[in-house]
Amino acid sequence: MTLEIAAVGLIAVGALVLFVGEWIRVDLVALLVLLALAITGLVTPPEALAGFSNPAVITVWAMFIVSAGLSRTGIAHGIGNYIVRVSGHGEVRLIATIMLIAAAMSAFMNNIGVAALLLPVVIDVSRVTAIAPSRLLMPLAFGSLLGGLTTLVGTPPNLLVSNAMTAHGYDAFGLFDYSRVGLAIVMVSVVFFLLAGRRILPHRSPARELVHRPTADLQARYGMKEQTFVFRIPPDSVLDGTTIAESRLTSIAGLKVIAVMEHNDISVLPSRDCILRCGQELLVQGRLDRLQRLRNWNELIISREKPVLWELLSDEVKLYEVQLAEQSAFAGAAIEHSDFHDAFRGNVLGIRRNGHVHQKRIAELPLETGDRLLVQGNAETLSRLEKSPEFEQCMEVSGNDLVEKDNVGKYVFVIRVPSSSIFAGKPLQESGIGDLFDFRLLGRIRGGDLELFPDRDETVVAEDRWLIQGSLDHMNVLRGFQELSLDRESKPDLDVISGETITLAEVMLDPHNKLPGESIDGASLKEKHGLELMAVWRGGRAYHSDLDAMQLEIGDAFLVMGPRDRLALLENDDDFLVLTPVAHRDEDTSKAGIAVAVLALFVFSILSGWLPIEIAAVMAATLMLFTGCLSMEQAYRAIDWRAVFLIAGMLPLGTALQSSGGASLAAEQVLLLGGLGSPWLVIFAFYGMTAVATLFIPTAALVVVMAPVVLTASESMGIAPEAGMMAIAIAASASFASPVSHPANLLVMGPGGYRFADYLKVGIPLTLVVFLVTVLLLPFAWPLQAS
């Protein structure tokens with residue numbers, strides 16, 4: 001093994017680790033590979049950048065535009081009507097029709113685009129026919145993948161395999177060369193689904209009577225009733241006259257106020273400025289455990305002590321001002337009150353910055369170098385601060401001056417723990433008050449003895465009194481929570497949220513948008529669209545709380561609520577797919593004939609030999625734009641730039657494997673493992689290696705690595721490379737056994753309610769079926785002629 005081979009192998013293994021670990025984006029991994037190869041001199045600068053002008057890359061991005069043009073001309077609605085008309089309400093005929101139509105479309109369209117295009121259609125068919133979406137959506141995804149096996153442009157791996165052939169002096173595959181085996185694979189796979197696959201498909205279905213009540217269907221599926229409660233605001237409540245924002249029901253308790261009801265008046269999705277009044281009922285959604293903690297606080301007895309209490313403690317409790325050190329680990333992070341208390345036996349009351357003392361919500365304020373913290377504590381606190389490398393310039397300051405000037409430490413409250421409290425006998429930190437409110441624990445009185453800054457893991461004893469320091473606003477919020485009356489008698493009436501103006505809808509991310517990886521706030525559902533996010537469906541279950549902290553992923557489904565006109569506007573947003581029928585998406589169906597004619601011209605130009613495939617694809621994309629089938633902005637959005645950069649960045653690795661001798665070495669090792677057996681055993685070994693690797697590695701990157709190895713092995717065995725290259729192309733595209741092996745699988749996971757195990761149960765048998773068909777037909781379709 002030469003030094004060059006070792007270097008290329010190290011880069012390839014590093015890329016594999018990054019692909020499997022998913023610590024950084026796959027397109028960024030590809031660019032790192034490109035740079036590593038160029039910097040180390042394993043490829044020349046022109047070779048490093050050649051991927052961006054590679055015919056396969058050009059064809060890929062051009063076909064994304066062609067696919068979008070076919071999608072935006074209204075073809076989907078016609079297909080949906082055709083599916084229902086041809087298949088009726090029978091499950092068997094529906095599965096067959098959906099798979100065949102998806103396969104036919106993905107022969108010329110991007111398979112992710114086909115799945116996204118037909119997804120709302122199939123959801124609608126499911127609703128009309130009362131057949132569970134879980135019975136139809138996996139056939140849709142798999143059908144779109146199977147169709148990619150039938151033509152050269154069906155999927156990027158097909159193009160990359162053909163491109164590798166021409167780069168090594170062989171004839172490229174023709175447009176329909178893949179059909180020799182691919183069509184048989186499609187037909188046998190459909191038969192498999194009809195005879196056996198549909199018996200393995202999960203059956204997660206709402207009741208048949210919900211079919212014509214889509215909102216009731218969604219309520220049942222997302223468990224809305226189990227997460228929805230009714231609170232009453234009693235007379236003389238401190239919440240009277242406050243707004244929903246001021247009540248902190250959302251920010252602290254994590255509750256969503258769905259409706260405010262008073263007599264016969266119902267305000268659905270009230271604004272944050274809606275004023276609360278005594279006697280109102282609040283329909284809220286939230287986690288039961290958080291609500292239970294809220295109810296537990298009702299047992300605590302709160303009394304406000306006047307500032308004189310601070311004066312009684314002033315002999316023992318001091319205020320210190322300490323500056324954040326230049327290299328402090330606290331810089332850039334917000335204060336964690338509980339952790340600071342444990343580390344320094346003191347409390348942070350404020351942050352002095354640019355002459356102003358911040359006291360409210362300081363737990364949400366990231367610290368900056370040069371900030372001065374106002375810390376409440378005693379002699380032990382001072383000693384710990386002075387010894388810490390995180391702080392400098394520690395000094396005692398006058399508490400009286402700060403109270404008068406900045407109100408620091410002015411409010412001290414006493415919370416008594418009654419003997420019946422659930423907190424008695426548990427560690428103090430389990431109360432959770434300090435986590436949800438900006439409170440600091442000052443001390444504890446037990447049996448007449450005062451202990452300042454006690455440990456938070458100390459067990460609470462009945463009749464303890466906690467000395468809590470915090471804002472008057474937050475204490476009033478806690479009192480307001482205590483006063484709320486939970487109505488355990490009546491069941492929440494969710495019909496109030498479904499009417500002529502307000503309704504529920506299920507939406508999901510379009511696979512070509514740029515939002516995955518951002519927080520749900522990044523989707524701007526509330527700010528941009530005026531919609532309330534109620535729940536997220538991911539991995540076979542619904543999430544109702546802490547949604548803002550979740551990062552968006554392809555395959556996520558969202559339950560949103562809002563005005564029908566707002567939801568109708570969302571249907572025209574390219575970032576989302578609306579799965580619940582609200583209004584028809586704006587489509588210029590007058591261009592459908594033009595789009596089909598452009599596709600026909602594309603096919604003719606390739607079959608006749610008039611144009612090479614990459615030029616034909618660019619011509620078709622340009623005609624889609626020139627004829628107005630889609631705009632230039634829509635074309636840019638349609639291109640999956642991640643796929644483009646992934647392929648362009650990984651192609652130099654294939655060049656390096658070939659030029660360094662790494663491909664020859666890998667081929668020799670495979671041949672040694674295969675012994676003196678038939679070349680077909682070696683080819684099918686390559687098939688198996690590729691099929692397994694698709695579970696972890698992006699298919700485009702995988703084919704770039706495997707292609708030079710297969711070509712070298714074919715030359716070593718003295719056979720034509722077409723059979724081996726076709727084998728790895730089929731294996732790379734047959735990604736059925738995992739939701740993460742292909743975006744089309746992820747796309748249907750949420751709407752279908754699938755779990756990871758569902759893909760294994762159906763995908764593994766289908767993978768074996770595809771392998772058996774390939775084993776039987778490949779020798780006849782592509783015999784091993786001498787090279």
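This is a tutorial dialogue on reading some features of a predicted model.

Me: Before looking at single residues, how many helices and strands does the protein chain have, and what share of its residues is buried?

Reply: The model is a predicted one, and its protein chain has 31 helices and 20 strands. Of the 787 residues in the chain, 55% are buried, while the accessible surface comes to about 33100 Å², with 57% of that area belonging to carbon and sulfur atoms.

Me: What share of the contacts joins residues at least 24 apart in sequence?

Reply: Taking the contacts between residues at least 6 apart in sequence, 79% join residues at least 24 apart.

Me: Which residues touch the most other members of the largest nonpolar core, and which helix gives the largest share of that core?

Reply: The largest nonpolar core holds 153 residues, and those that touch the most other members are Phe142, Phe602 and Met725. Helix H28, residues 699-717, provides the largest share of this core, with 11 residues. For Met725, once residues up to four places away in sequence are set aside, the residues touched are Val161, Ala164, Met165, Phe173, Ala707, Val710 and Leu711.

Me: How should I read the packing of H28 with H27, and what is the angle between them?

Reply: In general, two packed helices are described by the angle between their axes and the distance between the axes. Here helix H27, residues 679-693, packs with H28 at an angle of about 170 degrees, and their axes are 11 Å apart. Because angles over 145 degrees count as roughly antiparallel, H27 is roughly antiparallel to H28. By class, this contact of H27 with H28 has 11 nonpolar residues, one polar residue and no charged residues. On the H27 side the residues are Pro679, Val682, Phe686, Met689, Thr690 and Ala693, and they meet Leu702, Met706, Val709, Val710, Ala713 and Met717 in H28.

Me: Turning to the backbone, where is Arg345 placed, and is this residue buried or exposed?

Reply: Arg345 is a residue to inspect for its phi, which is positive at about 55 degrees although the residue is not a glycine. Its place is in the loop between helix H15 (337-344) and strand S7 (347-353). Since buried means under 20% relative accessible area, Arg345 counts as buried at 17% relative accessibility.

Me: And where is Glu463 found, and what is its relative accessible area?

Reply: Glu463 lies in the loop between strand S13 (449-452) and strand S14 (465-469), and its relative accessible area of 37% makes Glu463 partly exposed. Glu463 is not a glycine either, yet it has a positive phi of about 75 degrees.

Me: How does one read a pair of residues separated along the chain, and what separates the C-alpha atoms of Ile502 and Arg566?

Reply: One sets the separation along the chain beside the separation in space: Ile502 and Arg566 are 64 residues apart along the chain, and their C-alpha atoms are separated by 9.5 Å. Ile502 is found in strand S16, residues 502-509, and counts as buried at 13% relative accessibility.

Me: Which residues are in contact with Leu777, leaving aside its neighbours within four places in sequence?

Reply: With those neighbours left aside, Leu777 is in contact with Val181 and Ala184. Leu777 is found in helix H31, residues 756-781, and is partly exposed, with a relative accessible area of 30%. The C-alpha atoms of Leu777 and Ile185 are separated by 9.5 Å, although these two residues are 592 residues apart along the chain.

How values were computed: Residues numbered from 1 in each chain as written. Predicted model: local features only at pLDDT ≥ 70, side-chain atom pairs only at ≥ 80, totals over all residues. Heavy atoms only, no water. Core = buried A, V, L, I, M, F, W, Y, C linked by side-chain atoms within 4.5 Å. Buried < 20%, exposed > 50% of the residue type's maximum accessible area, 1.4 Å probe, protein only. Helix = DSSP H or I, 4+ residues; strand = E, 2+ residues; numbered from the N terminus. Contact = heavy atoms within 4.5 Å. Areas by Shrake-Rupley, 256 points an atom, 1.4 Å probe, with all protein chains shown as cover. Axes fitted to C-alpha atoms, helices over the stretch in contact; angles between N-to-C directions. Parallel < 35°, antiparallel > 145°, perpendicular 65-115°, else oblique. Nonpolar A, V, L, I, M, F, W, Y, C, P; charged D, E, K, R; others polar.
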